[in-house]
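Open the model in your viewer and keep the selection tool at hand. The stops below go from one helix to the core and then to the whole chain.

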Amino acid sequence: MALRHGIMILCLLFVTKCGYGNGLDESNVAAHIERFFSIDDLGVGKPFTVKLKVDGTSSSSHLLSKEEADSLPFSLSELPNILQLLSIPRGSTRVKAMQDTLRGCESEPIQGEAKACATSVESLLEFVHTIFGPKTEVKVLTTTHDAMSIGNSNRYTIMDFKEIPIRKLIGCHPMPYPYKVYHCHHQFDSETKAFRILLKGNDGDRFDTYAACHMDTTNWNPNHISFRVLNTKPGSSPVCHIFPEGHLLWVQPKSNMDHL
């Protein structure tokens, strides 16, 4: 099938409920410090500290329709009008996050990267179609587990991990904004690996999460936040990041993936 499976999961996500900034301010570091990791951190029995619960990145649990999204301006230059339309005071603490999101959406992609900010279901699927093709079998993977809503522990043990055999990968990350916005990106010119990681919490509960490892970061901005978090530099080693709750990992499989 083409994108039918992905659309079905999207419907479930939006009814019920990399694209990280280049800035080095402390709030960005604090927000992402437990989402980046080294590929050497993967190992059965190893402790794994990771933030799987997303701190509210959006006041809405669903994407807008294309008609709704197109009726609202979405650019940094239009921010004063956006604040007025959405009844958000200029002095609100939300304004800085909105500025960062709009600035990130308008920034140029790195060499060999395709990126887009999706503000509607249609624009999200359009980007996926563009990268994978309209008739390609794809799956969308996301971390969902009831146990994640219990407690605030970010410490787990890796019980198992497996590389997912893929041809292509798209990561879509929810951004701070008054309504749902996904920053989606795909790298054409460098290898990216996808992993399923089986974790065990302190209470013994087990569940799967997903991660991507960018194997070549040579062309990345030296100020990319991952290098500060991991104490590395462009091209020195792979950069891996988890897909927390609400983040979407779209994959084009090499083989049948019904077991995932």
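**Stop one: helix 5**

Select helix 5 together with helix 4 (79–85) and strand 3 (113–118): the buried residues of helix 5 pack against these two elements. The model is a predicted one.

Now show the side chains of V95, M98, T101, L102 and C105, which are the buried residues in helix 5. They lie on the same side of helix 5, because they cover an arc of only 125° around its axis. An α-helix has 3.6 residues a turn, so residues three or four places apart point the same way.

Next, pick the end C-alpha atoms of helix 5 (residues 94–106), which are 19 Å apart. This agrees with the 18 Å that its 13 residues should span at 1.5 Å a residue.

**Stop two: the largest nonpolar core**

Select L124, I170, C172 and W250, the residues with the most contacts inside the largest nonpolar core, a set of 17 residues. Then colour strand 3, helix 6 (121–132), strand 6 (166–174), strand 7 (182–187) and strand 11 (248–253), since each supplies at least two residues of this core. Helix 6 gives the largest share, six residues.

Which residues is C172 in contact with, leaving aside its neighbours within four places in sequence? Centre the view on C172 to find L124, Y182, H183, C184, F243, H247, L248 and W250.

**Stop three: the whole chain**

Zoom out to the protein chain, with its seven helices and 11 strands. Of its 260 residues, 46% are buried. Switch on the surface: the chain exposes about 12,900 Å², and carbon and sulfur atoms supply 50% of that area.

Technical notes:
Residues are numbered from 1 along each chain as its sequence is written. This is a predicted model: local features need pLDDT of at least 70, side-chain atom pairs count only at pLDDT 80 or more; totals for chains, interfaces and linings use all residues. Side-chain values use heavy atoms; hydrogens and water are left out. Helices (H or I, at least four residues) and strands (E, at least two) are DSSP runs, numbered from the N terminus. The expected span of a helix is 1.5 Å times one less than its number of residues. Buried means under 20% relative accessible area, exposed over 50%, partly exposed in between (1.4 Å probe, protein chains only). The arc is that of the directions from the helix axis to the C-beta atoms. Contact means heavy atoms within 4.5 Å. A nonpolar core is a set of buried Ala, Val, Leu, Ile, Met, Phe, Trp, Tyr and Cys residues joined through side-chain atoms within 4.5 Å. Accessible areas come from the Shrake-Rupley method with a 1.4 Å probe; for residues, only the protein chains shown count as cover.
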